[in-house]
Amino acid sequence: MSGTRTDPAGAGEAELRALAERAGTELEEAAAPEIVRWAADTFGERFCVTSSMEDAVVAHLTSRVRPGVDVVFLDTGYHFPETIGTRDAVAAVLDVNVLTLTPRQSVAEQDAEYGPRLHDRDPDLCCALRKVEPLEEGLSGYAAWATGLRRDESPTRADTPVVGWDARRRKVKVSPIARWTQDDVDAYVARYGVLTNPLLTEGYASVGCAPCTRRVAAGEDARSGRWAGTGKTECGLHG
């Protein structure tokens, strides 16, 4: 599928949605770099990458196609030090522009309004305040965003399209490695020496906020270490 530059300011919601759905079908079997190139060629500076800094695979992949691409990181105030260190290393090593988003309230201000440890009592609200709201504001200037979602991560992500429509934010959502397996990720990391969060070698299969993340046991899916025992499987950024 050839990239045809779309003017995000001039394209209506219906046009962008149709574009996303068509691209999702046409690029389903495409290699990850081809998917990223389509997005970069189509949206130009209105395209960004979001990263939790679990690893820098999608940031690295995109920087090879579009040097200097914006990489958006959510600093919730609850991250492991290793995650902040990975962000800083990515900013220093890759040809990307790391942008750090923060919630409206600091952790102390949130505690004062809602009480301490909101993440234990109402994790959905905590995620909404510290992740969903700042991301929606941070993405307001973009028409399309890339994520590192993979279908093999959990049942809730099994139907992730390589390009789809984010109805909540009314943007094109690109998941270039959706069809990859963990082996594919590991091979890419090894081939290019991609930065990864040190916690991935310490029993964590998925890295989020420290209070809501634990190590996983053998045989558990990668997302089982997030919000363990709550029945919660997603923070709200991806549904």
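Tutor: In this predicted model, a contact means that heavy atoms lie within 4.5 Å of each other. Counted in this way, residues 24 or more positions apart account for 68% of the protein's contacts with a separation of 6 or more.

Student: What makes up the secondary structure of the protein, and in which order do the elements run?

Tutor: The protein has eight helices and six strands, and from the N terminus on the elements follow one another as α-α-β-α-β-α-β-α-α-α-β-β-β-α.

Student: What makes β3 and β5 the edge strands of the sheet?

Tutor: The six strands form an open sheet with mixed pairing, in the order β3-β2-β1-β4-β6-β5. Strands β3 (96-101) and β5 (163-166) each pair on one side only, and that makes them the edges. From one strand to the next, the twist averages 30 degrees.

Student: Why do β1 and β2 count as a pair, given the number of bridges between them?

Tutor: Pairing requires at least two bridges, and two bridges join β1 (residues 47-50) to β2 (residues 69-74), so the requirement is met. The two strands run parallel, and Thr50 has Val72 as its bridge partner in β2.

Student: How do you know that the pairing is mixed, if one looks at how β6 pairs with β4 and with β5?

Tutor: β4 and β6 pair in the parallel sense over three bridges, with Ala144 standing opposite Val172 in β6. β5 and β6, by contrast, pair in the antiparallel sense over four bridges, and there Asp166 stands opposite Lys171 in β6. Parallel and antiparallel pairings both occur, in agreement with the description of the sheet as mixed.

Student: What lies between β5 and β6 in their hairpin?

Tutor: Four residues lie between the two strands, and in the turn Arg170 has a positive phi of about 60 degrees.

Student: Which strands does helix α3 touch where it packs on the sheet?

Tutor: Helix α3 (residues 57-65) touches β1, β2, β3 and β4 (144-146), and its direction makes about 155 degrees with that of β1.

Student: Why is the ring pair of Phe80 and Tyr204 given its particular class?

Tutor: A pair of aromatic rings is described by the distance of the centres and the angle of the planes. The centres of Phe80 and Tyr204 are 5.5 Å apart, which is within the 6.5 Å limit for a pair, and their planes make 65 degrees, which is over 60, so the pair is called edge-to-face. The pair links distant parts of the chain, for Phe80 lies in the loop between β2 and α4 (81-93) and Tyr204 in the segment after α8 (182-192), 124 residues apart.

Student: Why are Phe80 and Tyr204 placed in their accessibility class?

Tutor: The cut-off for a buried residue is under 20% relative accessible area. Phe80 has 11% and Tyr204 has 10%, so both count as buried.

Student: What makes the pair of Trp180 and Tyr188 a tilted one?

Tutor: The centres are 5.6 Å apart and the planes make 50 degrees; since this angle is neither under 30 nor over 60, the pair falls into the remaining class, tilted. Trp180, at 17%, and Tyr188, at 9%, are both buried, and together with Tyr192 they form one aromatic cluster.

Student: Where does Trp180 lie, and which residues are in contact with Trp180 once its neighbours within four places in sequence are left aside?

Tutor: Trp180 lies in the loop between β6 and α8, and it is in contact with Ala32, Val57, Arg150, Asp152, Val185 and Tyr188. Of these partners, Asp152 is 28 residues from Trp180 in sequence, with 7.7 Å between the C-alpha atoms.

Student: How many cavities are counted, and what lines the second largest cavity?

Tutor: The count is two cavities of 30 Å³ or more. The second largest cavity has a volume of about 40 Å³, and its lining consists of Pro103, Arg104, Gln105, Gln110, Leu129, Arg130 and Glu133. Helix α7 (residues 123-138) gives the most to this lining, with three residues.

Key: Residues numbered from 1 in each chain as written. Predicted model: local features only at pLDDT ≥ 70, side-chain atom pairs only at ≥ 80, totals over all residues. Heavy atoms only, no water. Axes fitted to C-alpha atoms, helices over the stretch in contact; angles between N-to-C directions. Phe/Tyr/Trp six-rings, centres within 6.5 Å; stacked < 30°, edge-to-face > 60°. Buried < 20%, exposed > 50% of the residue type's maximum accessible area, 1.4 Å probe, protein only. 1 Å grid on protein atoms, 1.4 Å probe; cavity = no way out; pocket = protein on both sides within 12 Å on 5 of 7 lines; lining within 4 Å. Points joined across faces, edges and corners; volume = space filled by probe spheres on them.
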